[in-house]
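This report covers the ligand site and the cysteines of one model. Definitions are given where the terms first appear.

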Amino acid sequence: MFSFTPIGYIQSCFREKFGIPRQPGLAPAARATLELVPPYARAEMVRGLQGYSHVWLLFVFHGVPAGRWQPMVRPPRLGGNRRLGVFATRSTFRPNPLGLSVVTLDGIGSHAGRVVLHLSGVDLLDGTPVLDIKPYLPYADCLPEARSALAPEAPAWRPVHFSAAAAAFCARQPEGGALRELIEQVLRQDPQPAYQHAATARRYGMRLYDYDVRWELRDDGAWVMDIVPATG
Ligand code: SAM
């Protein structure tokens, strides 16, 4: 048997699973920090890492209840009606609930004496335990000839519109431009569960940072109706 200890934890703009992109890089404005914890919170353990633009993170899908793996899954990316072997997918419902993401390394700092990595383009839930960090090596990790028959390209984007109230809310916030950019990048994808595609109720809510974002799916795209500070 093996036993692994988290080397650190993610603090992410994604406070709940709904809305998180299905892979890293799809929302470049999605930011997170990774704070290392003792006995790994030592500056020497990341010495040299600042020379890399991207890192691989190996992490635990801690938001999936233990033991919930399935031999076959229906990837939302394929419309939710095709069953594939779990090892042919990036599903979170795996025998060992391990995730793997390549993310942008924006910088390395410290907080209360601990090492903090500043990341973007993440697809990680707030609180995610990280087991390892490895530098992304373009000569070995970038494979232009790689085949992907089932999901050959990133999903198509749809238009995202803001109501006057939502646009005004962003305009009033000190970081409102970044918030608006994040909402656009998240909603231009397809965040609703596949099984809801044909549903008539097309109103949704998601939490980003400490904001509740309410939006509707209409024929001409996603409409951000309302943004309110989260309570509870
Ligand atoms: N890039 C990783 C991989 O391939 O292993 C994750 C891919 S997985 C399809 C991405 C989804 O995992 C996100 O959309 C989000 O809903 C979910 N997720 C992210 N962090 C999680 C966590 N800590 N626990 C449970 N689910 C998580």
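## Ligand contacts

A polar contact is a pair of N or O atoms within 3.5 Å; within protein, one must be able to donate a hydrogen and the other to accept it, and residues adjacent in sequence count only if both atoms are side-chain atoms. By this cut-off, a nitrogen atom of the ligand pairs with a backbone N or O atom of L125 at 3.2 Å. Of the 590 Å² of accessible area that the ligand has on its own, the protein covers 91% (Shrake-Rupley method, 1.4 Å probe; for residues, only the protein chains shown count as cover).

Two further contacts involve H62 and L100. An N or O atom in the side chain of H62 is 2.8 Å from a nitrogen atom of the ligand, and a polar backbone atom of L100 is 2.9 Å from an oxygen atom of the ligand.

## Basis of the model

The model is predicted: local features need pLDDT of at least 70, side-chain atom pairs count only at pLDDT 80 or more, and totals for chains, interfaces and linings use all residues. Residues are numbered from 1 along each chain as its sequence is written, and side-chain values use heavy atoms, with hydrogens and water left out.

## Cysteines

The structure holds zero disulfides, a disulfide being a pair of cysteine sulfur atoms within 2.5 Å. For C170, the closest cysteine sulfur is in C13, 14 Å away, which is too far for a bond.

C170 is buried, at 3% relative accessible area, whereas C142 is partly exposed because its relative accessibility is 41% (buried is under 20%, exposed over 50%, partly exposed in between; 1.4 Å probe, protein chains only).
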